[in-house]
Amino acid sequence: MKPDDVANAITNALVQGGSQWLIATIVAFLPVLWTMTLMLHLGRPYVLRTLRRCGLRLGADIWWMSYLLMRDAVLLITFALSWIFFSPNIVVNQALPLTGPLAALCLLLALAVKLSRRVDDDVTAYRLASAFLVLGATLYYGALVFAIEAASQDYLAGFAHIFTSNANPAVALIVMWIGLVGVMLIAGWLFVRALQSANRTMARRLTASRSQPATE
């Protein structure tokens with residue numbers, strides 16, 4: 001082999017090994033993010049009880065804003081890292097939870113509820129967001145624990161074969177495309193809603209600016 005061939009082989013091995021290590025790390029770390037997302041969302045009653053005991057108004061505001069930022073930031077990070085479930089090559093070649101795309105779709109649905117309704121003031125909206133998060137976590141944890149992490153258990157061999165993406169690539173791709181279409185539809189709806197809200201805000205500002213000289 002020529003020196004260039006050896007260098008290219010080493011480079012390709014490093015790139016492929018690095019990409020596989022990164023994917024495995026994301027899949028292994030996602031359960032931590034899912035757990036934190038559920039804890040922060042379902043821990044809202046505890047935070048509110050703590051706020052009632054806080055005598056300093058500034059401290060209560062800082063505590064509440066810190067909680068909101070951490071809760072929503074963890075949710076966004078979890079959805080961003082879940083984007084690996086929408087890559088066909090990764091889904092077919094790596095051992096991923098087959099229901100991962102549906103879990104990510106549930107995350108986006110919960111985020112859409114938070115963006116479109118006042119979850120912290122509306123009990124119905126809070127319950128709806130909680131239902132989406134619990135459903136998404138169940139879809140992810142179920143396939144991860146009983147398929148990916150239990151591959152060595154003989155009595156779960158059938159379940160592992162069905163719910164592991166590279167062992168059942170045809171169904172995995174169908175689930176991935178269904179989840180991707182759902183994500184695109186929700187993202188498009190959020191974009192249209194944000195655009196309409198921006199147009200209404202701009203119209204109100206223009207109306208107020210035109211009527212202000214007349215009142216003076």
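**Entry 1: the cavity**

I looked up what surrounds the largest cavity in this predicted model. Its lining consists of Phe85, Val91, Leu96, Pro97, Leu98, Pro101, Ser165 and Ala172. I sorted these residues by class and got seven nonpolar, one polar and no charged. The volume of the largest cavity came out at about 40 Å³. I then asked how many cavities of 30 Å³ or more there are. The count is one.

**Entry 2: the largest pocket**

Next I turned to the pockets. The largest pocket has a volume of about 170 Å³. I wrote down its lining: Arg71, Asp72, Leu111, Lys114, Leu115, Arg117, Arg118, Val119, Asp120 and Asp121. By class, this lining holds three nonpolar, no polar and seven charged residues. Which helices each supply at least two residues of the lining? I found α3 and α5. Helix α5 gives the most, with three residues.

**Entry 3: the largest nonpolar core**

I looked up the largest nonpolar core and noted 36 residues. Within this core, Val27, Leu96 and Tyr140 have the most contacts. I checked which helices each supply at least two of its residues, and listed α1 (3–42), α3 (57–81), α4 (88–93), α5 (100–116), α6 (123–148) and α8 (169–215). Helix α5 gives the most to this core, with eight residues. I added a general remark from my reading: in soluble globular proteins, nonpolar side chains tend to be buried together.

I then followed one residue of the core. What does Val27 touch, leaving out residues up to four places away in sequence? I found Ile84, Leu96, Tyr140 and Leu144. Two of the names were already in my notes: Leu96 and Tyr140 are listed with Val27 for the most contacts inside the core. Leu96 also appears in the lining of the largest cavity.

Another core lies apart from the largest one. This second core has six residues, among them Val47, Leu51, Ala60 and Trp64.

**Entry 4: helix α2**

Val47 and Leu51 sent me to helix α2, residues 44–53. I asked which of its residues are buried. They are Arg44, Val47 and Leu51. Seen down the axis of α2, these buried residues fall within an arc of 60°, so they line one face of the helix. I noted the general rule beside this: an α-helix has 3.6 residues a turn, so residues three or four places apart point the same way.

Last, I looked at the face of α2 turned away from the buried side. The exposed residues there are Tyr46, Arg52 and Arg53.

Notes: Residues numbered from 1 in each chain as written. Predicted model: local features only at pLDDT ≥ 70, side-chain atom pairs only at ≥ 80, totals over all residues. Heavy atoms only, no water. Core = buried A, V, L, I, M, F, W, Y, C linked by side-chain atoms within 4.5 Å. Buried < 20%, exposed > 50% of the residue type's maximum accessible area, 1.4 Å probe, protein only. Helix = DSSP H or I, 4+ residues; strand = E, 2+ residues; numbered from the N terminus. Contact = heavy atoms within 4.5 Å. 1 Å grid on protein atoms, 1.4 Å probe; cavity = no way out; pocket = protein on both sides within 12 Å on 5 of 7 lines; lining within 4 Å. Points joined across faces, edges and corners; volume = space filled by probe spheres on them. Nonpolar A, V, L, I, M, F, W, Y, C, P; charged D, E, K, R; others polar. Arc of directions from axis to C-beta.
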